[in-house]
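User: I'm new to reading protein structures. Could you walk me through this one?

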Amino acid sequence: MTSAFEPGPVVQRAILISELQRLRLERGETQDQVAAALDWSTSKLIRIEGGTVGVSTTDLHALLRHYGIPEEEPEVAVLTKLARDARKRGWWSLYKSELSPAYQQYIGYESGALVIRSFQPMVVPGLLQTEDYANALTVEFVESRSYRDVVVEVRMRRQEEIFSRAEPPELKVVIDEAVLRRRVGGQVDPGIMPRQLRHMLQMLEHPYVTIEVIPFSAGAHFGMMGEFTILEFHDPRLNDVLFQENVGRSALTVMDRDTRITDYRAAFENLRQITVSPEDTPAFIEDIIVSMERPAA
């Protein structure tokens with residue numbers, strides 16, 4: 001276990017950006033006005049506030065002086081530390097050339113999340129996958145063996161980083177029954193899926209993990225439109241993050257007052273209303289394991 005939780009550079013940069021935007025708005029100034037006062041190009045300030053570039057401590061102090069914050073104010077030290085930490089490289093940067101920018105940013109946000117809400121209609125969520133399952137799944141979508149190895153390695157590293165935290169995030173998972181019944185990897189090893197389901201039962205023993213199942217009997221539902229994950233953070237200055245991933249495409253939504261995130265959060269809670277009851281879920285999964293391991297007639 002780690003002794004102290006650090007939210008990571010992506011989350012720290014997001015907090016810093018939020019504070020810089022707040023300070024500017026409290027001064028009642030536009031980006032053009034601030035940039036002109038500091039003899040910067042407007043595009044430089046736009047990139048800083050948009051998070052596409054980091055802010056050096058020199059530029060940060062110039063901004064803070066312009067906003068009327070004396071050097072001796074404690075807020076300056078706090079923001080300076082945020083700026084320095086935000087420029088550090090997360091472990092996922094080792095895979096920068098292999099992973100999409102949206103996925104890298106998602107991993108960065110995930111590493112600092114307080115609550116992770118995930119809905120999956122077809123596959124086991126990445127944070128709950130066994131390595132055998134991840135390999136069997138990835139081989140169907142990725143042709144390059146070396147890239148498949150990277151995808152699985154990153155997935156396993158995500159689990160290690162998340163679950164080794166002194167205070168792991170609350171993981172709330174809703175899945176369709178199809179996730180449990182599809183025998184991923186069965187052609188190679190019939191035991192892959194039963195072992196995966198047993199791993200999920202073991203994860204349910206952790207107080208911070210919830211797994212809920214929408215049975216086939218529930219009929220059609222919103223989640224059939226595709227998977228999604230919502231990240232919530234401890235710091236009130238940060239908005240929720242919505243992540244959607246499909247074959248060949250990832251989408252990350254981080255926007256103030258974005259109605260899509262609000263809609264998806266409401267949809268997640270609505271999906272929970274049609275799941276198998278929490279007390280019946282372990283037996284539901286166990287019955288599927290038994291059916292998979294039953295000898296063929």
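Analyst: Sure. First, a term we'll need: helices here are DSSP runs of H or I with at least four residues, numbered from the N terminus. Keep in mind that this is a predicted model.

User: Okay, which helix is Ile285 found in?

Analyst: Look at the stretch covering residues 281-293. Ile285 sits in that stretch, and the helix is called H12.

User: Is Ile285 buried or exposed?

Analyst: The cut-off to remember is that buried means under 20% relative accessible area. Ile285 has 0% relative accessibility, so Ile285 counts as buried.

User: Which residues is Ile285 in contact with, leaving aside its neighbours within four places in sequence?

Analyst: Contact here means heavy atoms within 4.5 Å. With those sequence neighbours set aside, the partners of Ile285 are Leu180, Leu197, Leu201 and Leu204.

User: And what separates the C-alpha atoms of Ile285 and Arg148?

Analyst: Along the chain, these two residues are 137 residues apart. In space, their C-alpha atoms are separated by 28 Å.

User: Let's move to helix pairs. Are H6 and H8 roughly parallel or roughly antiparallel?

Analyst: The axes of H6 (residues 101-110) and H8 (residues 145-163) come within 11 Å and cross at roughly 20°. Angles under 35 degrees count as roughly parallel. That makes this pair roughly parallel.

User: Which residues of H8 make the contact with H6?

Analyst: From the H6 side come Tyr103, Tyr106, Ile107 and Glu110. By class, the contact has five nonpolar, no polar and two charged residues. On the H8 side, the residues are Val154, Arg158 and Ile162.

User: H8 also packs with H7, right? At what angle do H7 and H8 pack?

Analyst: H7 covers residues 131-138, and its axis lies 10 Å from that of H8. The crossing is right-handed. The packing angle is about 145°.

User: How do the residues of the contact of H7 with H8 divide by class?

Analyst: H7 brings Glu131, Ala134, Asn135, Leu137 and Thr138, while H8 brings Arg148, Val151, Val152, Arg155 and Met156. Sorted by class, they come out as five nonpolar, two polar and three charged.

User: Now the strands. In which sense do E2 and E3 pair, parallel or antiparallel?

Analyst: E2 runs over residues 170-176, and E3 over residues 209-214. One spot to look at is Leu171, which stands opposite Val209 in E3. The two strands pair over six bridges, and the sense is parallel.

User: Last one: how many residues of E3 are buried?

Analyst: E3 has six residues and is mostly covered. The number buried is five.

How values were computed
Residues are numbered from 1 along each chain as its sequence is written. This is a predicted model: local features need pLDDT of at least 70, side-chain atom pairs count only at pLDDT 80 or more; totals for chains, interfaces and linings use all residues. Side-chain values use heavy atoms; hydrogens and water are left out. Axes are lines fitted to C-alpha atoms, for helices over the stretch in contact, and angles run from 0 to 180 degrees between N-to-C directions. Angles under 35 degrees count as roughly parallel, over 145 as roughly antiparallel, 65 to 115 as roughly perpendicular and the rest as oblique. Ala, Val, Leu, Ile, Met, Phe, Trp, Tyr, Cys and Pro count as nonpolar, Asp, Glu, Lys and Arg as charged, and the others, Gly among them, as polar. Buried means under 20% relative accessible area, exposed over 50%, partly exposed in between (1.4 Å probe, protein chains only). Two strands pair if DSSP finds at least two bridges between them. A crossing is left-handed if the near helix is turned anticlockwise from the far one by less than a right angle, and right-handed if clockwise.
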